[in-house]
Amino acid sequence: RSCLCLLLYKSWINLSATMKRMLILLLIVLLAGTSCDKLHSSYYVRYEAMCQYPDSSAVYMKVLFDTPDGQQIINMDSSVFSEICGPFYKGNRVSLQIQTTSKVENAQVAIYVSKDGDEYCLMAIDNKRFNPTVDCILDW
(Lines give C-alpha, C1' and ligand atoms only; values in the text may rest on other atoms or scores of the structure.)
Protein backbone atom coordinates (compact mmCIF):
# COMPACT_ATOMS: atom_id res chain seq x y z
CA ARG A 1 0.00 0.00 0.00
CA SER A 2 2.79 2.44 0.88
CA CYS A 3 4.53 1.68 -2.44
CA LEU A 4 1.35 2.58 -4.33
CA CYS A 5 1.03 5.86 -2.44
CA LEU A 6 4.66 6.69 -3.14
CA LEU A 7 4.22 5.90 -6.84
CA LEU A 8 1.10 8.09 -7.06
CA TYR A 9 2.87 10.92 -5.25
CA LYS A 10 5.88 10.78 -7.60
CA SER A 11 3.58 10.68 -10.63
CA TRP A 12 1.66 13.69 -9.33
CA ILE A 13 4.87 15.69 -8.78
CA ASN A 14 5.98 15.08 -12.36
CA LEU A 15 2.74 16.41 -13.88
CA SER A 16 2.62 19.96 -15.17
CA ALA A 17 0.47 22.52 -13.34
CA THR A 18 -2.00 22.63 -16.24
CA MET A 19 -2.38 18.86 -16.22
CA LYS A 20 -2.94 18.86 -12.44
CA ARG A 21 -5.69 21.49 -12.80
CA MET A 22 -7.37 19.49 -15.57
CA LEU A 23 -7.34 16.30 -13.47
CA ILE A 24 -8.76 18.13 -10.45
CA LEU A 25 -11.56 19.66 -12.56
CA LEU A 26 -12.35 16.28 -14.11
CA LEU A 27 -12.51 14.69 -10.67
CA ILE A 28 -14.83 17.44 -9.40
CA VAL A 29 -17.17 17.07 -12.38
CA LEU A 30 -17.30 13.27 -12.00
CA LEU A 31 -18.00 13.44 -8.27
CA ALA A 32 -20.62 16.17 -8.66
CA GLY A 33 -22.45 14.26 -11.39
CA THR A 34 -22.52 11.06 -9.37
CA SER A 35 -23.87 12.65 -6.19
CA CYS A 36 -26.53 14.65 -8.06
CA ASP A 37 -27.87 11.53 -9.76
CA LYS A 38 -28.23 9.76 -6.43
CA LEU A 39 -29.93 12.74 -4.78
CA HIS A 40 -32.47 13.03 -7.59
CA SER A 41 -33.65 9.43 -7.62
CA SER A 42 -37.42 9.40 -7.49
CA TYR A 43 -39.41 7.15 -5.22
CA TYR A 44 -43.07 6.21 -5.53
CA VAL A 45 -44.88 4.90 -2.48
CA ARG A 46 -47.82 2.52 -2.46
CA TYR A 47 -49.83 2.61 0.75
CA GLU A 48 -52.12 -0.28 1.64
CA ALA A 49 -54.44 -0.65 4.60
CA MET A 50 -57.19 -3.06 5.51
CA CYS A 51 -59.51 -3.77 8.42
CA GLN A 52 -61.75 -6.69 9.24
CA TYR A 53 -65.00 -6.01 11.03
CA PRO A 54 -67.46 -8.57 12.41
CA ASP A 55 -70.38 -6.54 11.06
CA SER A 56 -70.27 -4.81 7.65
CA SER A 57 -72.45 -1.95 8.92
CA ALA A 58 -69.73 -0.92 11.40
CA VAL A 59 -67.02 -0.26 8.80
CA TYR A 60 -65.12 2.97 9.43
CA MET A 61 -61.51 3.82 8.75
CA LYS A 62 -59.65 7.13 8.99
CA VAL A 63 -56.45 7.02 6.89
CA LEU A 64 -53.51 9.39 7.41
CA PHE A 65 -50.68 9.22 4.86
CA ASP A 66 -47.94 11.38 3.38
CA THR A 67 -47.91 12.83 -0.13
CA PRO A 68 -45.27 15.06 -1.74
CA ASP A 69 -47.55 18.02 -0.83
CA GLY A 70 -48.01 17.06 2.83
CA GLN A 71 -50.22 14.79 4.92
CA GLN A 72 -53.61 13.67 3.62
CA ILE A 73 -56.49 12.51 5.80
CA ILE A 74 -59.33 10.46 4.35
CA ASN A 75 -62.41 9.21 6.20
CA MET A 76 -63.72 6.03 4.61
CA ASP A 77 -66.63 3.66 5.02
CA SER A 78 -64.59 0.96 3.32
CA SER A 79 -62.36 -1.70 4.84
CA VAL A 80 -59.63 -1.50 2.16
CA PHE A 81 -57.38 1.41 1.16
CA SER A 82 -54.70 1.56 -1.54
CA GLU A 83 -52.99 4.66 -2.91
CA ILE A 84 -49.81 5.42 -4.89
CA CYS A 85 -48.09 8.76 -4.25
CA GLY A 86 -44.96 10.40 -5.58
CA PRO A 87 -42.51 11.39 -6.56
CA PHE A 88 -40.65 11.52 -3.27
CA TYR A 89 -36.90 12.01 -3.01
CA LYS A 90 -34.02 10.55 -1.05
CA GLY A 91 -34.25 11.45 2.63
CA ASN A 92 -38.03 11.97 2.66
CA ARG A 93 -39.97 10.26 5.46
CA VAL A 94 -43.29 8.66 4.57
CA SER A 95 -45.88 7.29 6.97
CA LEU A 96 -49.26 5.59 7.02
CA GLN A 97 -51.69 5.28 9.90
CA ILE A 98 -55.26 4.13 10.18
CA GLN A 99 -57.68 4.86 12.98
CA THR A 100 -60.60 2.49 13.43
CA THR A 101 -63.48 1.87 15.76
CA SER A 102 -63.20 -0.53 18.67
CA LYS A 103 -65.26 -3.08 16.71
CA VAL A 104 -62.36 -3.96 14.41
CA GLU A 105 -61.16 -7.58 14.54
CA ASN A 106 -57.95 -7.16 12.60
CA ALA A 107 -56.07 -4.29 10.93
CA GLN A 108 -52.97 -4.05 8.80
CA VAL A 109 -51.01 -1.22 7.14
CA ALA A 110 -48.08 -1.54 4.75
CA ILE A 111 -45.76 0.71 2.77
CA TYR A 112 -44.24 -0.44 -0.52
CA VAL A 113 -41.59 1.65 -2.31
CA SER A 114 -40.43 1.79 -5.92
CA LYS A 115 -37.18 3.58 -6.78
CA ASP A 116 -36.70 4.94 -10.29
CA GLY A 117 -39.43 2.75 -11.76
CA ASP A 118 -38.25 -0.56 -10.27
CA GLU A 119 -40.69 -3.05 -8.75
CA TYR A 120 -42.35 -2.16 -5.45
CA CYS A 121 -40.69 -3.62 -2.35
CA LEU A 122 -42.29 -3.98 1.06
CA MET A 123 -40.60 -1.48 3.39
CA ALA A 124 -42.79 -1.50 6.50
CA ILE A 125 -45.79 -3.41 7.85
CA ASP A 126 -47.83 -3.31 11.07
CA ASN A 127 -50.55 -5.76 12.11
CA LYS A 128 -51.72 -4.17 15.37
CA ARG A 129 -55.42 -4.49 16.04
CA PHE A 130 -55.94 -0.83 16.90
CA ASN A 131 -54.54 2.15 15.00
CA PRO A 132 -51.54 0.55 13.30
CA THR A 133 -48.84 2.95 12.08
CA VAL A 134 -45.79 2.52 9.84
CA ASP A 135 -43.16 4.90 8.54
CA CYS A 136 -39.85 4.73 6.72
CA ILE A 137 -37.14 7.02 5.38
CA LEU A 138 -36.35 6.79 1.67
CA ASP A 139 -32.60 6.45 1.85
CA TRP A 140 -31.27 3.78 -0.46
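How much accessible surface does the protein have, and what share of that surface belongs to carbon and sulfur atoms? The total comes to about 9200 Å², and carbon and sulfur atoms account for 56% of it. Keep in mind that what you're looking at is a predicted model. On the inside of the ledger, buried residues make up 27% of the 140 residues in the protein.

Now for the layout. The protein has 2 helices and 8 strands. Walk along the chain from the N terminus and you meet the elements in the order α-α-β-β-β-β-β-β-β-β, with both helices ahead of the strands. As for contacts, take those between residues at least 6 apart in sequence: 63% of them join residues at least 24 apart.

The strands are worth sorting into sheets. In general, strands of a sheet pair through backbone hydrogen bonds, and the pairing can be parallel or antiparallel. One open sheet here is built from 4 strands in the order S4-S1-S6-S7, with antiparallel pairing. Strand S4 (80–89) and strand S7 (121–126) each have a single partner strand, so they stand at the edges with one side left without a neighbour in the sheet. From one strand to the next, the twist in this sheet averages 20 degrees.

Let's zoom in on S1, which covers residues 42–52 and is joined to S4 by 8 bridges, the two running antiparallel. Two places make the register easy to follow on screen: tyrosine 47 stands opposite glutamate 83 in S4, and alanine 49 has phenylalanine 81 as its bridge partner in S4. Toward its other neighbour, S1 pairs with strand S6 (residues 106–115) over 10 bridges, again in the antiparallel sense. There, tyrosine 44 sits opposite serine 114 in S6.

S1 also has two faces to tell apart. Tyr43, Val45, Tyr47, Ala49 and Cys51 make up the covered face, while Ser42, Tyr44, Arg46, Glu48, Met50 and Gln52 line the uncovered one. So tyrosine 47, the residue across from glutamate 83, belongs to the covered face, whereas tyrosine 44, across from serine 114, belongs to the uncovered face.Just before S1 there's a spot worth a stop: serine 41, in the loop between helix H2 (17–39) and S1. Is serine 41 buried or exposed? With a relative accessibility of 6%, serine 41 counts as buried, because the cut-off for buried is under 20%. Leaving aside residues up to four places away in sequence, serine 41 touches Phe88, Tyr89, Lys90, Lys115 and Asp116. With one of these, aspartate 116, serine 41 makes a side-chain to side-chain polar contact at 3.3 Å.

On to the other set of strands. S3, S2, S5 and S8 form an open sheet of 4 strands in the order S3-S2-S5-S8, and the pairing is antiparallel. Strand S3 (70–76) and S8 are the edge strands here, each pairing on one side only. The twist in this sheet averages 10 degrees from one strand to the next. Inside the sheet, 5 bridges join strand S2 (residues 61–67) to S5, and the two run antiparallel. Look for methionine 61, which stands opposite threonine 100 in S5.

Finally, the charges. Side chains of opposite charge can pair when their charged atoms come close. How many salt bridges does a search of the whole structure find? The search turns up 2. In one, the side chains of arginine 46 and glutamate 48 meet at 3.0 Å, N to O. Arg46 and Glu48 are both listed on the uncovered face of S1. Arginine 46 is partly exposed at 21% relative accessible area, and glutamate 48 is partly exposed too, at 28%.

The other salt bridge joins aspartate 135 and arginine 93, with the closest N and O atoms 2.6 Å apart. This pair links distant parts of the chain: aspartate 135 lies in strand S8 (residues 133–137) and arginine 93 in strand S5 (residues 93–100), 42 residues apart. Both partners are partly exposed, aspartate 135 with a relative accessible area of 38% and arginine 93 with 48%.

Notes:
Residues are numbered from 1 along each chain as its sequence is written. This is a predicted model: local features need pLDDT of at least 70, side-chain atom pairs count only at pLDDT 80 or more; totals for chains, interfaces and linings use all residues. Side-chain values use heavy atoms; hydrogens and water are left out. A salt bridge is a side-chain nitrogen of Lys or Arg within 4 Å of a carboxyl oxygen of Asp or Glu. Buried means under 20% relative accessible area, exposed over 50%, partly exposed in between (1.4 Å probe, protein chains only). Two strands pair if DSSP finds at least two bridges between them. Axes are lines fitted to C-alpha atoms, for helices over the stretch in contact, and angles run from 0 to 180 degrees between N-to-C directions. A polar contact is a pair of N or O atoms within 3.5 Å; within protein, one must be able to donate a hydrogen and the other to accept it, and residues adjacent in sequence count only if both atoms are side-chain atoms. Contact means heavy atoms within 4.5 Å. Accessible areas come from the Shrake-Rupley method with a 1.4 Å probe; for residues, only the protein chains shown count as cover.
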